[in-house]
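Colleague: Could you take me through how one reads helices, backbone angles and salt bridges in a model of this kind?

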Amino acid sequence: MSADTSAPIRAPEPPAPPPVPLSATARLGASLRRAAPALGLYAASRLIGLVCMAVWAGWVGKHPRTLLGYSWDSVWYVGIVRHGYNSTLPPDPAKHGVTLSDMAFFPLFPTLMRTLTTVLPITAVTAGLVVAWVSAGVAAWGIHAVGERLHGRRVGTALVVLWGLLPHAIVQSMAYTEPLLTALAAWSLYAVLTRRWVWAGTLALLAGASRPNGIAVAAAVCCCAAAEVLGRRASWRVWAGAALSPLGWLGYLAWVGYRRGSWHGYFAVQDEWGSRFDFGVNALRFVRSLLISRAAFAYFVALVILGVALVLFALLTADRPPLPLLIYTLVLGAITFGGSGYFASKPRFLLPAFPLLLPVAVAMARARPRTAVLLGGALAGLSFVYGTYLLTVARIPI
């Protein structure tokens with residue numbers, strides 16, 4: 001008996017339609033939803049750190065809002081918001097009669113502060129804190145996006161938690177420019193990784209207008225654009241991103257030079273502050289004196305943090321990270337280690353160097369949950385205690 005061959009032959013199914021590409025808003029929304037647990041942990045860590053600091057500040061008779069929003073560099077930013085770039089300090093005998101100028105401080109942060117005071121009924125001090133806190137949240141989101149892009153969501157979450165539990169993470173809650181630079185840098189690097197060159201260049205431009213070491217972002221964009229050009233894969237967007245990236249930094253230097261009547265006007269201002277690039281000679285001399293004399297506890301912690309940063313950079317390099325992260329971290333580290341003066345502030349200058357934490361984040365994501373929790377708890381205790389000490393007890397520039 002032969003098989004029945006009269007059954008109809010099915011026509012092949014039509015191919016599935018290609019997925020509809022998501023809009024930019026939808027992609028950002030999806031990214032934010034994936035980052036929500038990490039952002040929740042980050043917000044909790046910073047809130048607990050602030051509560052610890054506020055309790056101790058009240059105990060010793062200091063006001064938390066003043067410590068966070070109107071101390072050290074924050075005083076200068078508030079002055080720029082209120083009076084523009086025309087403030088100076090009286091000559092300091094310790095600096096041989098040099099008058100310190102507010103032109104040492106880049107314009108993006110005070111511009112955002114002034115915008116808020118214009119549209120909202122708040123003071124300049126409150127505006128500085130709002131800008132810093134929002135920037136810190138956007139920075140944590142960008143850090144998660146970079147970590148997730150490279151190693152998955154667990155690493156992205158670990159990277160955010162580690163950044164929020166650094167010993168000097170209290171600075172992320174102060175009216176300082178490091179959160180703003182970190183936010184712009186993280187998203188610019190993410191744009192390079194996803195080949196959105198115009199966005200990368202635009203964000204690098206803003207980063208360069210936020211801090212002197214913001215030029216590290218432009219260096220990363222330009223080096224990656226050069227690699228694209230050498231690989232003959234460059235479109236006009238690559239050229240546009242590279243051209244935009246240094247304009248914020250160069251534009252402010254040109255403006256200060258015009259105001260000072262000299263092409264090296266900004267560097268003269270920095271020299272008056274005792275800040276110059278000397279390839280680390282001054283820092284090495286300070287370390288030598290630190291090891292043979294008594295000094296504030298924060299100086300020794302700064303030395304330990306810088307040593308750990310060097311080890312982390314070696315580990316990061318050994319892992320062969322993407323070129324933009326490597327160039328950005330290298331330039332940021334070179335500026336920090338090679339600059340003179342303000343040794344206790346160097347850990348703060350490294351706050352935007354979040355790629356240094358990638359090797360630890362990868363190890364933490366692969367570790368057993370109990371190990372990761374114990375490590376996080378230890379880091380949290382260190383961060384909360386040292387942050388409180390740094391802001392309420394230590395009498396050194398942060």
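Modeller: We will go through helices, then backbone angles, then a surface patch, and then salt bridges, bearing in mind that this is a predicted model.

Colleague: What span should the 22 residues of helix α14 have at 1.5 Å a residue, and how far apart are its end C-alpha atoms?

Modeller: The expected span is 1.5 Å times one less than the number of residues. For α14, residues 297-318, that gives 32 Å, and the end C-alpha atoms are 32 Å apart, which agrees. Helix α7, residues 178-193, can be read in this way too, since its 16 residues reach 22 Å from the first C-alpha to the last, close to the 22 Å expected.

Colleague: Which residues of α14 are buried, and where do they fall when one looks down the helix axis?

Modeller: A residue counts as buried under 20% relative accessible area and as exposed over 50%. In α14 the buried residues are Ala298, Tyr299, Val301, Ala302, Ile305, Leu306, Ala309, Leu312 and Leu316. Seen down the axis of α14, these buried residues fall within an arc of 145 degrees, and therefore they line one face of the helix. That face packs against α13, α15, α16, α17 and α18, whereas Val304 and Ala318, on the other side of α14, are exposed.

Colleague: How many of the residues of α7 are buried?

Modeller: Helix α7 is mostly covered, with 15 of its 16 residues buried.

Colleague: Which residues have a positive phi just after α14 and after α7?

Modeller: Most residues other than glycine have a negative phi. Just after α14, however, Arg320 takes a positive phi of about 50 degrees, and α7 is followed by Arg195, whose phi is positive, near 65 degrees. Two further cases lie in loops: Phe279, with phi near 60 degrees, is found between α12 and α13, and Tyr342, with phi near 55 degrees, is found between α15 and α16. Phe279 counts as exposed because its relative accessibility is 72%, while Tyr342, at 30%, counts as partly exposed.

Colleague: Which residues make the nonpolar surface patch?

Modeller: Trp56, Trp59, Val60 and Val393 make a nonpolar surface patch of about 440 Å². Of these, Trp56 has its place in helix α1, residues 24-59, and counts as partly exposed because its relative accessibility is 39%.

Colleague: How many salt bridges does the rule count, and which parts of the chain does the pair of Glu178 and Arg211 link?

Modeller: The rule asks for a side-chain nitrogen of Lys or Arg within 4 Å of a carboxyl oxygen of Asp or Glu, and by it the count comes to seven salt bridges. In one of them, the side chains of Glu178 and Arg211 meet at 3.2 Å, N to O. This pair links distant parts of the chain, Glu178 being in helix α7 and Arg211 in the loop between α8 and α9, 33 residues apart. Both Glu178 and Arg211 are buried.

Colleague: Where do Arg260 and Glu272 lie, and how does Asp271 pair with Arg276?

Modeller: Arg260 and Glu272 meet in a salt bridge at 2.7 Å, N to O. Arg260 lies in helix α11 and Glu272 in helix α12, so the pair ties together parts that are twelve residues apart in sequence. Asp271 forms a salt bridge with Arg276, the closest N and O atoms being 2.5 Å apart. Finally, salt bridges that share partners join Asp73, Glu178, Arg211 and Arg348 into one network.

Methods
Residues are numbered from 1 along each chain as its sequence is written. This is a predicted model: local features need pLDDT of at least 70, side-chain atom pairs count only at pLDDT 80 or more; totals for chains, interfaces and linings use all residues. Side-chain values use heavy atoms; hydrogens and water are left out. Helices (H or I, at least four residues) and strands (E, at least two) are DSSP runs, numbered from the N terminus. Buried means under 20% relative accessible area, exposed over 50%, partly exposed in between (1.4 Å probe, protein chains only). The arc is that of the directions from the helix axis to the C-beta atoms. Contact means heavy atoms within 4.5 Å. Patches are made of residues with over 30% relative accessible area and no salt bridge: like charges are joined within 9 Å, nonpolar side chains (Val, Leu, Ile, Met, Phe, Trp, Tyr) within 5 Å. Accessible areas come from the Shrake-Rupley method with a 1.4 Å probe; for residues, only the protein chains shown count as cover.
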